[in-house]
Amino acid sequence: MQRKTITILGGGFSGSMLAVQLAHLPGGPFACDIHLVEPRPALGPGLAYTARRPEYLLNVRSALLSAFPDQPGHFAEWLRSTNAPACEQDFCARQTYGRYIQEQVASVVAQQAANGMRVTAHNTSATAATLAADGQSAVVELADGTRLESHYVVLALGNFPPLPPTRPSEGYSAHPGFHGNPWAQGALRTIGLDDSVLLIGSGLTAVDVLLGLRADGHRAPITVVSGHGRWPTTHGPVAAPYPSFYASDLQQLTTVAEVMAAVRRRVRKAAAEGIDWRSVVDSLRPDLGRIWANCPLPEQARFLRHVSSLWTTIRHRSPPQNAATIESMMAAGQVQVHRGRVCHLAAQGAELAVQVRQKHDTTVLTAQHVVSCTGPLLDYTRIQDPLVQSMRAAGQLVPDVLRLGMETDEHGALRNTVGIVSPVFFTLGPSRRPAYFESTAVPELRQQAVALAQLLGQRVAD
């Protein structure tokens, strides 16, 4: 029997858990080799869980973070069985979760699984993936010169660093005080304890940066520039699940206004019964993809323009201890929020000058360090990664019209420039936001890994 080859490009959570799920598929034996390509030293943690800072906490309680959908208590059991640090108020450090995922993938690498799958790791990056002339396989080229002939190629590329806040031609990008990627290794280590700092954005990334600065003993003022001026909402106490109301209230709705009105009615009803709004919002999670898909493209665009920033603050919440720290820093006057949008950024000697516009008023703020906390780049028309560029140029990777990720079918198979579904190229993770909108958190990604492993397993077996 000819052995098939699956090449997974990206060994963060999504790519690693796809490899694990493939190795755990029942049945077999599968005559299949899996190549897992990841440039970082360790498989599993990826960008999200690599930071070696204990103050960076997960934004979800540990009980909900099993890597395996069919074993909801798996992470909690792992915590109990290891010498992992205690999780304060049930919110663990991200580095702890990174270690957990690293152990899961390490258990299937460099050995043949019971089902016949063999997983090989490559500590490098991919530079190109070229479709064969018959359209039934591809050759993946790695930065170290390796060429992998592959029957299936899965893009598990994760998140890319944010775009520059203004035109790079303004000359600030080379300034030592500009930090365009707050997740880069050692990104905050060059900030002196008495250096002034300005953060662009007030989401979860900004919260992490503030926690990191505080842990380092930073003393100088910090300005946070935010268009809406809102911090992420805080997780409430653990509560009983709110019953799903998708079928009764939402299934037939196709506009943003209708959906928002229906959810608000439920929130008011729940409040009258003494139920916190968070439980109502959380009950939507299993159906968010269907709610999004029900809305036509103009309505999805309307959501992105008018609602998405508010949705992000209420849906992606901060642990209570993080929120308390930010509140104390603001009460002490160390952190101040300035509402507005950055429209110009320029070097000014040892400092950076940041021009901020709020309606018709413009203010110039200066700081020794400016940190971009605007979130990951989602627009695949602007991603300059060599692999993405080569596949985009070949017409095999098509950015979606809303610039949220890639055009795919319902299984994550890529569509080319004429809409044909690829039998070779697949993706999972944040790149599938066009289909689900929510495609960044563990509960969604682990389910994608299971579904794609089952699909590829069937194809390998055929």
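In this predicted model, Leu22 touches Ile6, Ile8, Ile34, Asn115, Met117, Ala453, Leu456 and Gly457, once the residues within four places of Leu22 in sequence are set aside. Leu22 is also one of the residues that touch the most other members of the largest nonpolar core, a set of 50 residues in which Ile6, Ile8, Phe13, Tyr97 and Val154 share that standing. At least two residues of this core come from each of β1 (4-9), α1 (13-23), β2 (32-37), α2 (74-81), α3 (94-106), β3 (117-122), β7 (152-155) and α14 (442-461). The element that gives the most to this core is α14, with 8 residues. A second core, separate from the one just described and made of 23 residues, includes Phe245, Val259, Val280 and Val307.

Val259 and Val307 appear again at the second largest pocket, where they lie nearest the centre together with Met260, Phe303 and Trp311, among 26 lining residues. Two or more residues of that lining come from each of α6 (256-272), α7 (277-282), α8 (288-294), α9 (297-306) and α10 (308-315), and α6 gives the most, with 7 residues. The space in the second largest pocket is about 540 Å³, and the residues of its lining divide into 20 nonpolar, 2 polar and 4 charged. In α10, the buried residues are Ser308, Trp311, Thr313 and Arg315, and what covers the buried residues of this helix includes α7, α8 and α9.

The count of cavities of 30 Å³ or more comes to 1, and the largest cavity has a volume of about 40 Å³. The residues that line the largest cavity are Gly158, Asn159, Phe160, Leu377, Leu378, Tyr380, Leu404, Pro430 and Ser431. By class, 6 of the lining residues of the largest cavity are nonpolar and 3 are polar, with no charged residue in the lining.

Several single residues can be followed in the same way, and their accessibility is set out below.

| Residue | Relative accessible area | Class |
|---|---|---|
| Gln334 | 15% | buried |
| Val398 | 19% | buried |
| Arg403 | 35% | partly exposed |
| Ala435 | 30% | partly exposed |
| Phe437 | 7% | buried |

Gln334 is placed in the loop between α11 (320-331) and β11 (335-339). A polar atom of the Gln334 side chain lies 3.0 Å from the backbone oxygen of His218. Beyond its neighbours within four places in sequence, Gln334 is in contact with His218, Arg219, Ala220, Pro221, Ile222 and Met329.

What does Val398 touch, not counting residues up to four places away in sequence? Its contacts are Gly405, Met406, Glu407, Arg415, Asn416 and Thr417. Val398 lies in the loop between α12 (386-393) and β16 (413-415), and it counts as buried because its relative accessibility of 19% falls under the 20% limit. The C-alpha atom of Val398 is separated by 19 Å from that of Pro296, a residue 102 places away along the chain.

Arg403 is likewise found in the loop between α12 and β16. Although Arg403 is not a glycine, its phi is positive, at about 60°, and its relative accessibility of 35% makes it partly exposed.

Ala435 belongs to helix α13 (residues 433-436). Its contacts, leaving aside neighbours within four places in sequence, are with Gly289 and Trp292. From C-alpha to C-alpha, Ala435 and Thr408 are 7.9 Å apart in space, and 27 residues apart in sequence.

Phe437 sits in the loop between α13 and α14. Its phi is positive at about 65°, although Phe437 is not a glycine, and the residue is buried, with a relative accessible area of 7%.

Most residues other than glycine have a negative phi, and most peptide bonds are trans. A peptide bond that is cis in this model joins Gly28 and Pro29, with omega at about 5°. Pro29 lies in the loop between α1 and β2.

Terms used. Residues numbered from 1 in each chain as written. Predicted model: local features only at pLDDT ≥ 70, side-chain atom pairs only at ≥ 80, totals over all residues. Heavy atoms only, no water. 1 Å grid on protein atoms, 1.4 Å probe; cavity = no way out; pocket = protein on both sides within 12 Å on 5 of 7 lines; lining within 4 Å. Points joined across faces, edges and corners; volume = space filled by probe spheres on them. Helix = DSSP H or I, 4+ residues; strand = E, 2+ residues; numbered from the N terminus. Nonpolar A, V, L, I, M, F, W, Y, C, P; charged D, E, K, R; others polar. Buried < 20%, exposed > 50% of the residue type's maximum accessible area, 1.4 Å probe, protein only. Polar contact = N/O pair within 3.5 Å; in protein donor to acceptor, adjacent residues only side chain to side chain. Contact = heavy atoms within 4.5 Å. Core = buried A, V, L, I, M, F, W, Y, C linked by side-chain atoms within 4.5 Å.
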